Every structure is written in C-alpha cells, then in structure tokens.
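Please examine the sequence and the model shown below. The paragraphs that follow lead through its helix contacts, several individual residues and its cysteines.

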Amino acid sequence: MTQARRRVAIVGFGPRGLGALEALVRHALVTGTSVAIDVFDPSRWPGAGPSFSPDESEICLLNLPLRSISLPPPPPCSGVQQDFSTWLKDRLQDGAQDGDAYLPRALLGTYLHERYKALWAQLPEAVSVEHHQARVNAAHQDQTGWRLQCADHSHGPYEHVLMSLGQPQTNPDPQLERWRRHAHRHGLPLCAAYPGHALIEAADAWAGRIVGIRGLALSSLDVIRMLTLGLGGRFEGKRYIASGREPARIIPFSLDGQPPAPKPLNAALDARFDPLPDEDAAFEAALHAALSGAADAGPSALFGALGAAVARVIHSVGGAVEQDDIQDWLQQEVATAGSQEQLATSDALRCGIRQAEGQDLPTIGYTVGQLWRKWQPLLRCVYDSRPIPPNTARTFTAFDEGLKRYSYGAPIETARQLLTLIETGLVDPRAADDPDIRLRPEGWEIQAEDTAVIADVMIDSVLPSPALGQVTEPLVSGLLETRVLSAPDDGLGARCGADAVLVREDGTPVQGLGLAGRLSNGSSIASDSIHDCFGDIGDRWAATVLQPT
C-alpha cells in the first residue's frame with residue numbers, strides 16, 4: 001500500500017525556516033515518510049532572510065567572528081557538505097583563514113541561500129519542496145487541515161504549518177508614532193536602519209546635515225558605519241579620512257548612552273572566559289532547579305553558579321574580586337539592567353576595548369556577559385525544552401535581554417572606529433529619555449545635560465519588541481483575533497510547546513500549527529542567534545510533524 005504524502009508548509013523562509021526544512025528532510029529520510037513541503041517567503045533569497053540578504057551592504061557585519069559560527073551540517077542528501085568557513089575558502093582571497101575576522105552578513109546569507117538551493121536540487125524522491133515567492137496574509141483551519149491565503153491564491157490543505165516570521169510588521173511605539181506624524185507634517189526624513197543599501201542611497205542627500213540615530217545598540221553601529229564608510233570615508237589607523245559626503249554630525253542616543261561592549265579580540269583572549277566542566281555542571285543544575293521550582297523563580301537562582309565562575313575567571317588573570325560584589329552586581333542587574341554602568345559613552349568604549357584587548361582586567365559586568373554568551377546554547381537547551389511559568393519567563397528573558405550589551409557585543413574594530421569618530425567630533429553620542437527629545441518644525445531637539453542640538457534627519461535603529469499585542473502582520477493579527485494565538489498579558493510572545501506547537505489559553509495545543517523565533521519569546525529564550533535557527537526546537541518540531549498518524 002502506497003503511503004499518502006504528507007503536506008506541510010513553512011511560512012517565512014530565512015535561516016530559521018531553512019533550519020526547519022532541513023530538520024524535516026532529515027526526519028523524512030530516517031522514517032521513510034513521503035512529504036510535500038511548501039515554503040512561503042516574498043524574498044528572492046530563500047534561506048537567507050532580510051538580515052542576511054546576499055544583496056545587503058557589505059558595511060553590515062556579523063557580530064560573531066568566523067571561528068564562532070558553527071552550524072550543523074545539512075541533511076546527508078544535500079549537495080553542500082561544507083561548513084561556512086570551508087565554503088569561504090573558495091570565495092575569499094584574504095581573510096578566509098582568519099577565525100577572528102567579522103565578515104559581512106551578506107556572505108553568510110549567500111552561503112545559506114546556496115545551501116538551500118543545493119538541498120532542493122538533491123532532494124530524495126519521497127520529499128518535494130516548492131518555494132512560493134508570496135506573503136501569507138491569513139490562515140484558517142477546516143475539516144481537511146490548514147489553508148493559507150496569499151494575495152489572490154489559497155493554498156492547502158496542510159497537516160501542519162510552521163510560522164517562522166523573523167521580524168513581522170508591528171505598531172510603532174508611542175514615541176515613534178509621534179515622530180512619524182511629526183516627520184510627515186514637516187517633510188522631515190525619518191528612516192529605518194535597514195535595508196542598508198537603501199539607507200546609504202538616502203544618506204547621499206544628507207551631506208552637511210545633522211542626523212540623529214534612535215538607539216545605541218548593534219544596529220546603530222551599522223548605521224554609523226553606513227553614514228561614514230558607506231559614503232566613501234575610510235579609516236587609517238586611528239584617523240578617519242572623510243569623503244565630504246558625510247553628515248555634519250551624527251547623534252546616536254539611548255536611555256543610558258551606553259554602547260555595546262566589544263567581544264574579546266582573539267581566540268586566546270576569548271578562551272579566558274570558557275567555563276570549566278564543573279562550572280557547566282553547576283550552571284545546568286541550577287538552571288534545572290530554577291525552571292522546575294516555584295512559579296516566581298528567576299535568574300537569581302543561577303547567581304551562585306554564575307558568581308563562582310565570575311570570581312574564578314577574574315582571579316585567573318590576576319584580578320581581585322569579592323563574592324559580595326559579584327552578587328550585588330547581579331542583583332542590581334535584575335532590578336534595573338545596566339544601572340551599574342555610570343561611565344560616559346566614550347569612557348565606556350575605551351574601557352570595553354581595553355578589556356577586549358586584554359590590556360585591562362575584566363570587570364564583573366564584562367565577565368558576566370562573556371560567561372552568559374558561552375552558556376547560551378546550554379540555556380536554550382534546558383529552557384526551551386519545557387513549559388515556563390509566565391513570571392519566570394518574564395524575569396529570565398529580561399535578564400537575558402539586558403546582558404545582550406555584553407553577550408551580543410560588537411566587533412572590536414567597529415568599537416575602535418566608533419571611538420575614533422567620537423574623538424573627531426563627527427559622532428556625538430548622548431543619553432536621552434523621551435522628555436529630552438523636543439519636536440521642532442525643523443527637526444528633533446535632543447537635549448543632553450546643558451546642551452541641545454537639532455537633528456533634521458532621524459534614523460530608527462531600535463528593534464521592535466516581540467510582544468504579540470503590537471504585531472500588525474495580517475497573518476498574526478488574524479490568528480490573535482480568533483484566539484488561536486495567545487500570550488500572557490506581560491509583553492511576552494506566544495505560548496508554544498517545546499516542539500513549537502502553539503498552545504491555547506486553556507493549555508491545549510493548536511493542532512497542526514506552530515510558531516518559532518522571536519514571537520515565541522518567553523516560551524523560548526535567546527532566539528536572536530543564528531545558531532538558534534538550526535537548534536533543537538526545529539528538530540522537535542519535525543519529529544512532531546512526521547510522527548505516525
């Protein structure tokens with residue numbers, strides 16, 4: 001008797017969608033299941049997604065050195081068996097062997113796109129894949145399964161649909177909404193940070209103008225590079241050589257004015273922060289205990305294991321630190337992330353660079369952040385494999401988000417470039433809260449201490465929150481209206497099981513519908529990493545999809 005072919009859809013096909021597809025193919029090969037897979041994404045670069053688009057500006061760099069990019073191999077049927085670094089050797093004359101290099105995101109996107117094409121060309125007979133270059137606007141379930149609606153075509157029915165949407169359309173936050181009305185009323189440029197090539201094209205008209213940048217995280221560093229290197233400027237040692245096409249001044253601002261800390265300069269310095277095997281075991285045990293305990297458990301349950309590792313790292317390089325000081329730092333981080341950091345932007349940059357270069361002893365914060373980065377795979381493995389009470393989810397995800405200023409740190413060369421631009425006066429970073437931004441007909445007046453400056457161009461580099469209530473993507477908002485999607489009332493993402501299957505408010509699974517990525521924040525954690533796109537959730541999802549009926 002011939003096995004009926006299963007029908008599955010993946011909506012959103014960047015790296016996470018590719019990871020899900022590869023997991024599905026692997027499970028199909030093992031189980032001998034016949035499956036037809038439709039993937040939906042409007043991009044012409046399936047597998048890459050907007051963040052890694054092969055046609056993105058080369059100014060936009062990965063925030064991981066080459067040595068830290070370790071993706072699992074594709075299914076054995078795939079025509080690409082090389083890892084990213086090996087694949088690069090045939091494409092780059094210089095730097096391909098340098099594990100400490102930070103490469104353009106477009107290069108990784110090209111690899112992922114080619115990885116998808118190679119898999120598609122070598123699919124086993126039992127598996128078929130079709131890419132629909134279209135956006136899905138709605139999903140509904142009938143007696144035959146799930147049906148997806150694009151602009152003028154309906155697709156399905158599908159036994160299972162996985163939504164892997166990356167960053168969907170969202171409502172602007174109140175500040176940005178006011179700014180949009182203000183920009184429209186007065187004809188002022190208000191731009192998004194990405195795509196980078198579009199921003200560089202627009203910036204050609206901004207020579208001699210003052211440009212504000214909302215945010216001072218990794219994306220703002222991309223923007224600063226686009227407004228300098230992208231406009232023909234260059235760095236020679238510690239000097240910036242202007243092209244004459246740059247803005248007169250660039251003013252990035254955030255609530256605290258703190259830039260992301262650079263990652264360690266090289267593999268040897270990075271290895272200083274490697275946890276020892278007994279520290280791994282202690283952290284994992286504490287994590288299991290915290291997530292299996294009371295409903296209000298939080299990251300403080302990890303502080304014993306974390307504090308011991310921090311002290312050992314600092315002592316190992318000749319530093320001196322007391323456990324009480326480490327625990328005080330961690331408790332302050334839980335109470336108000338970043339409140340311990342009091343340095344001005346340029347001083348914080350110098351301090352971070354010297355620590356990354358090994359010239360200064362690592363501070364408590366820098367050490368905590370590097371250890372947390374090293375432990376993220378273990379954190380995801382344990383956290384994502386079980387249901388998490390909402391209060392615990394909120395405190396854990398907030399702690400992880402706050403530490404991103406260290407754990408998702410910048411390439412050290414980018415930090416050095418930013419410091420050079422600040423010292424030349426081209427970049428003028430500020431700490432500015434909402435009341436410190438006054439709207440004027442000629443632009444945005446940014447107040448800092450006793451000085452104010454008016455930016456007549458504004459760039460938004462702040463990544464929207466993954467809270468479901470702010471999402472306007474038609475597919476998601478429609479499922480929210482029908483209560484298929486649910487989330488706690490505390491800004492978390494959708495409730496999902498460990499296999500990405502959605503969970504209703506009453507705790508029952510939504511048969512045949514899954515969600516993976518940022519919109520499941522709280523049910524999963526630390527999902528912004530490229531490694532998470534190819535992680536355990538996709539494998540568990542594939543096993544659920546192809547289990548015998």
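**Helix packing and buried positions**

Helix 1 and helix 3 are roughly parallel to each other, because an angle under 35 degrees counts as such and theirs is about 30 degrees. The model discussed here is a predicted one. The axes of helix 1 (residues 15-31) and helix 3 lie 11 Å apart, and helix 1 passes helix 3 in a left-handed crossing. On the side of helix 1, the residues that meet helix 3 are Pro-15, Leu-18, Leu-21, Glu-22 and Val-25. Their counterparts in helix 3 are Leu-112, Arg-115, Tyr-116 and Leu-119. Sorted by class, this contact of helix 1 with helix 3 holds seven nonpolar and two charged residues, with no polar ones. The spacing of such positions can be read against a general property of helices. An α-helix has 3.6 residues a turn, so residues three or four places apart point the same way.

Val-25 of helix 1 deserves separate attention. Val-25 is buried because its relative accessible area is 0%, where buried means under 20%. Beyond its neighbours up to four places away in sequence, Val-25 touches Pro-75, Cys-77, Leu-119, Leu-123 and Val-127. One of these, Leu-119, also belongs to the helix 3 side of the contact described above. Val-127 is 102 residues from Val-25 along the chain, yet their C-alpha atoms are separated by 7.2 Å.

Helix 3 also contains His-113. With a relative accessibility of 10%, His-113 counts as buried. When residues up to four places away in sequence are not counted, His-113 touches Arg-44, Trp-45 and Pro-46.

Helix 3 appears again in the surroundings of helix 6. Helix 6 (residues 218-226) is largely enclosed by the rest of the structure, because eight of its nine residues are buried. The buried residues are Ser-219, Ser-220, Leu-221, Asp-222, Val-223, Ile-224, Arg-225 and Met-226. Which elements are included in what covers the buried residues of helix 6? The helices that take part include helix 3 (105-121), helix 5 (196-203) and helix 15 (412-424). The strands include strand 9 (210-214), strand 12 (249-254) and strand 17 (457-460).

Helix 15, which helps to cover helix 6, also packs with helix 11 (residues 345-356). The axes of helix 11 and helix 15 come within 10 Å and cross at roughly 145 degrees, and the crossing is left-handed. Helix 11 contributes Thr-345, Ser-346, Leu-349, Arg-350, Ile-353 and Ala-356 to the contact. From helix 15 come Ile-412, Ala-415, Arg-416, Leu-418, Leu-419, Ile-422 and Glu-423. By class, the contact of helix 11 with helix 15 comprises eight nonpolar, two polar and three charged residues.

A further helix pair is formed by helix 10 (residues 323-335) and helix 12 (residues 364-383), whose axes come within 10 Å and cross at roughly 70 degrees. Helix 10 and helix 12 are therefore roughly perpendicular to each other, as angles of 65 to 115 degrees count as such. The crossing in which helix 10 passes helix 12 is right-handed. Asp-325, Ile-326, Trp-329 and Leu-330 of helix 10 make the contact with Ile-364, Gly-365 and Val-368 of helix 12. This contact of helix 10 with helix 12 has five nonpolar residues, one polar residue and one charged residue.

**A buried loop residue and the cysteines**

Outside the helices, Ser-527 is found in the loop between strand 19 (509-515) and helix 17 (536-545). Is Ser-527 buried or exposed? Ser-527 is buried, because its relative accessible area is 9%. Leaving aside neighbours within four places in sequence, Ser-527 is in contact with Arg-16, Gly-517, Arg-518 and Asp-532. The C-alpha atoms of Ser-527 and Ala-516, eleven residues apart along the chain, are separated by 8.8 Å.

The cysteines remain to be considered. A disulfide requires a pair of cysteine sulfur atoms within 2.5 Å, and by this rule the count comes to zero disulfides. Why does Cys-496 have no bond to Cys-533? Cys-533 holds the closest cysteine sulfur to that of Cys-496, but the two are 15 Å apart, which is too far for a bond. Cys-496 counts as buried because its relative accessibility is 12%. Cys-351, at 25% relative accessibility, counts as partly exposed.

Definitions and conventions: Residues are numbered from 1 along each chain as its sequence is written. This is a predicted model: local features need pLDDT of at least 70, side-chain atom pairs count only at pLDDT 80 or more; totals for chains, interfaces and linings use all residues. Side-chain values use heavy atoms; hydrogens and water are left out. Buried means under 20% relative accessible area, exposed over 50%, partly exposed in between (1.4 Å probe, protein chains only). Axes are lines fitted to C-alpha atoms, for helices over the stretch in contact, and angles run from 0 to 180 degrees between N-to-C directions. Helices (H or I, at least four residues) and strands (E, at least two) are DSSP runs, numbered from the N terminus. Angles under 35 degrees count as roughly parallel, over 145 as roughly antiparallel, 65 to 115 as roughly perpendicular and the rest as oblique. A crossing is left-handed if the near helix is turned anticlockwise from the far one by less than a right angle, and right-handed if clockwise. Contact means heavy atoms within 4.5 Å. Ala, Val, Leu, Ile, Met, Phe, Trp, Tyr, Cys and Pro count as nonpolar, Asp, Glu, Lys and Arg as charged, and the others, Gly among them, as polar.
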